[in-house]
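Hi everyone, thanks for making time for this. I'd like to walk you through one protein, going from the overall layout down to a few single residues. Have a look at the picture first.

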Amino acid sequence: MERFPGKVAAAVFAAAAMPCVGKHMGVPTEEFMRRTSSEGLLMDCKMLPISNNQGAGVAIIVGPDFLARKYYQQNPPEDLALAKMLVRPGNQFIDDPMMKDASLLTDDNYGSVRKVYVVAKADSSSTEEMQRWMVVLSPGTEVEEIAGADHTIMSSRPRELCDALVKIANSLYTF
């Protein structure tokens, strides 16, 4: 979106980290980690030191209890079972120099793209308060809400997510 804002009709963030102009890209992740670590909400997740071509970093391995209680609590059991089989370390990019560059996202480019945040009202990992905090950091962001949706909106409330996406798409163009 920063490089080609004219090619993006709308950016939709569904229970996701949404960066903002004027702050570095890692702010949402850092805030999430601050809130969850201080409350012991990382449960059985493990932090794993990693090293790659960008240098040293930290990856997180999401534990099965965390998946069940924080990500997939509104999903059918077979979705949770599949998720448990597919767990891989996820780089947090917290120490990545590019993620620390507060000038990376500009008002003229990223800031000019229409943004819509889909709030998952039953997300136990990223609370509604946390999701709305990210919206406040990006003035003008529109909000859609999906009641009963957990962190994995696309599988916990697929019909409602589809309806929200169609509504957003229809609002882009008038025929």
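Starting at the N terminus, the elements of this protein follow one another as β-α-β-β-α-α-β-β-α-β-α-α. That makes six helices and six strands. Please keep in mind that we are looking at a predicted model.

How compact is the protein? Its radius of gyration is 17 Å, close to the 16 Å that the globule rule gives for 175 residues, so the protein is as compact as a globular protein of that length. Along the principal axes, the C-alpha atoms fill a box of roughly 50 × 40 × 25 Å. Of the 175 residues, 37% count as buried. The protein exposes about 9900 Å², and 57% of that comes from carbon and sulfur atoms.

Now let's zoom in on a sheet. It is an open one with three strands in the order β2-β3-β4, and the pairing is antiparallel. At its edges stand β2 (46–52) and β4 (90–91); each has a single partner strand, so one side of each is left without a neighbour in the sheet. Between β2 and β3, which covers residues 55–61, there are seven bridges. If you'd like one to find on your screen, look for P49, whose bridge partner in β3 is V58.

Last stop, the cysteines. How many disulfides does the structure hold? Zero. As for two cysteines you can look up, C45 is buried, with a relative accessible area of 14%, while C162 is partly exposed, at 35%.

That's my tour, thanks for listening!

Key
Residues are numbered from 1 along each chain as its sequence is written. This is a predicted model: local features need pLDDT of at least 70, side-chain atom pairs count only at pLDDT 80 or more; totals for chains, interfaces and linings use all residues. Side-chain values use heavy atoms; hydrogens and water are left out. Two strands pair if DSSP finds at least two bridges between them. Helices (H or I, at least four residues) and strands (E, at least two) are DSSP runs, numbered from the N terminus. A disulfide is a pair of cysteine sulfur atoms within 2.5 Å. Buried means under 20% relative accessible area, exposed over 50%, partly exposed in between (1.4 Å probe, protein chains only). The radius of gyration is taken over C-alpha atoms; the globule rule is 2.2 Å times the number of residues to the power 0.38. Accessible areas come from the Shrake-Rupley method with a 1.4 Å probe; for residues, only the protein chains shown count as cover.
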